[in-house]
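Visitor: I'm new to looking at protein models. Could you pick one chain and take me slowly through a part of it?

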Amino acid sequence: MDARIGIRNTKSMLFKGLIVFLAFLITLPLIVVLLYIIKQGVTQVNWHFLTHVPTPVGEPGGGIANALVGSLLMVGMASVVSIPVGILTGIYLSENPHTKLAYWSGLCVDVLQGVPSIVIGIVVYLWIVKPLGSFSAIAGSCALAIMMLPIVIRSTEQTLRLLPPSLKEAALSLGVPYHRVIIKVIVPCGFAGILSGIMLSVARIIGETAPLLFTALGNSYLSYAVTKPMESLPHVIYTYATSPYDDWHNLAWGASFILLMFVLILNITTKLITRKWNIQL
Amino acid sequence: MEHTVVSASKFNAWFGDNHVVKDVSIGIEKNQVIAVMGPSGCGKTTFLRCINRMHELIPGATAKGSLKLYDDEVYNMNPIYVRYKIGMVFQRPNPFPNLSIYDNVVAGYKLNGLKMAKADLDNIVEKSLTSAALWKEVKDSLHKKGTFLSGGQQQRLCIARAIAMEPEVILFDEPTSALDPISTSSVEQLFHELKENYTLIIVTHNMQQAARVSDKTAFFYLGELVEFDNTKQMFTAPSDIRTQNYITGRFS
Ligand SMILES: Nc1ncnc2c1ncn2[C@@H]1O[C@H](COP(=O)(O)OP(=O)(O)OP(=O)(O)O)[C@@H](O)[C@H]1O
Ligand SMILES: [Mg+2]
């Protein structure tokens, strides 16, 4: 009997060891990639880099101000549309899960989430860029908004569905009208989840290149005109990294580092939010 | 009658085709504690939820017949007004997790957007928590979240929340079934005090509890109100064989 327990314990230990080893093995390349990007990029980044536009080949200096502004502007515009629409749709789906409309819009959301981003780029190209006759930041934002929407919808829906029905009943039994129950009880209780869904969706779209290639294109000058082409971080990386010049490669590394930092900060903030603001049910 | 608060006559309720409350007629007098008993699934909760019109919130749920609060048909009143007048405490304590103890007590005012002076709110909070026998325990932590309290305290907080609206009637659906014996007895203690000002209707599976706290007991069986009588009478000499069988434990 003792011997058998001994064997079992050894097996457990081996199994645990194997899991830890595999986890380590999988994490290792990720860490190596991260460290490499940081090593290549961090030396490029300084105030000048963040506040100047790229210089022509051969001229020293230059930065990614145009891409930084463009990315923030386009992601911002996409958010302004996607966040409210996404939250409202998510509320609808979680509140009315058994309706036909919920079934079909849920299906659309799932399909939309699976559509390759380049396809979304092409669709927006055909629907917006062609009729308007020019690549534009607006078109870029549209493509990003379409990518962002399903993530916000699903995360809102899933967060709200986890709330116990007793919460809603408590409010209704106090004579609180339905719309106020949603606004004052349901949404605040799911706030941390909804917010982290938004953060993750931003982190997801800020690095998207494909949908911007056909829509916002790029712009070597600093531009705030939303009907004109606009530069973005992923696009600047794409064009400069594929160029034959070392200066431009360095600029691409710097931009990669900035992008990485954005995503990292968004993810860490999300983690902090869920930990700090999560409401104990 | 002047002191009949809630009265039903030939009242029925359904879930889709499932007829769960059948021709119930009952008259509940002011400042009494009514225990509602009966085997599981006999429609106690459903009947209770009809009284404050929570039943209709479930898709497919319908009700028919007369149900009055004093002289007004509950089903002709605005449900929101009905729920102001008829409070409810649930089986599991359900304080709002996003609100402080203070805000939980006045949730009925705050969530409805009723603007009130701070002093009035303070007053309501203290009065309600005192009535719910919770004031002493929480008066120094009113701004902590309500979910930090123990289960029994949370349930008393929910009672305070119902009292704060100054309803005519408070409905309790197995209010102590999720609580430990000590919390249970503190809540039971409360019923005695609350009946001074309110009419209480309490669904319970616990016969000792019904005997301890209630003036009258209503016995439901398969959706019908089989017997409604003074609790003592009911437990010592029930007139219906089904009540007798239930009380003596011959079916669950
Ligand atoms: N949400 C619902 N949807 C459909 N049917 C329901 C629903 N809730 C209850 N029922 C049905 O209505 C009947 C009465 O249920 P109810 O909850 O009123 O019983 P109860 O007497 O409160 O039982 P318990 O003592 O177990 O709480 C049951 O047969 C149940 O199947
Ligand atoms: Mg019940």
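Guide: What follows is a walk through one sheet of chain B, the helix beside that sheet, and two loop residues.

This is a predicted model, where local features need pLDDT of at least 70 and side-chain atom pairs count only at 80 or more, while totals for chains, interfaces and linings use all residues. Residues are numbered from 1 along each chain as written, chains are lettered from A and ligands numbered from 1 in the order written, and side-chain values use heavy atoms, with hydrogens and water left out.

Let's begin with the sheet. In chain B, 4 strands (DSSP E runs of at least two residues, numbered from the N terminus) make an open sheet. Go across and you meet β2, β1, β4 and β5 in that order, with antiparallel pairing. Two strands pair here if DSSP finds at least two bridges between them. At the edges sit β2 (18-29) and β5 (72-73) of chain B, each pairing on one side only.

Now zoom in on one pairing. Strand β1 (residues 4-15) of chain B runs antiparallel to strand β4 (residues 61-69) of chain B, and 8 bridges join them. Want a spot to click on? Try Ser7(B), which stands opposite Lys68(B) in β4(B).

The sheet has company, too. Helix α1 (residues 44-51) of chain B (a helix is a DSSP run of H or I, at least four residues) packs on the sheet. That helix touches β1, β2 and β4 of chain B, where contact means heavy atoms within 4.5 Å. Its direction makes about 120° with that of β1(B); axes are lines fitted to C-alpha atoms, for helices over the stretch in contact, and angles run from 0 to 180 degrees between N-to-C directions.

Next, hop over to the loops of chain B. Ala133(B) lies between α5 (118-131) and α6 (135-138). Its phi is near 55°, which is positive even though the residue isn't glycine. Because its relative accessibility is 36%, Ala133(B) counts as partly exposed (buried is under 20% relative accessible area, exposed is over 50%, partly exposed is in between, with a 1.4 Å probe and protein chains only).

Leu222(B) is another residue to find, in the loop between β9 (216-221) and β10 (224-230) of chain B. Leu222(B) isn't a glycine either, and has a positive phi of about 50°. Its relative accessible area is 56%, so Leu222(B) is exposed.
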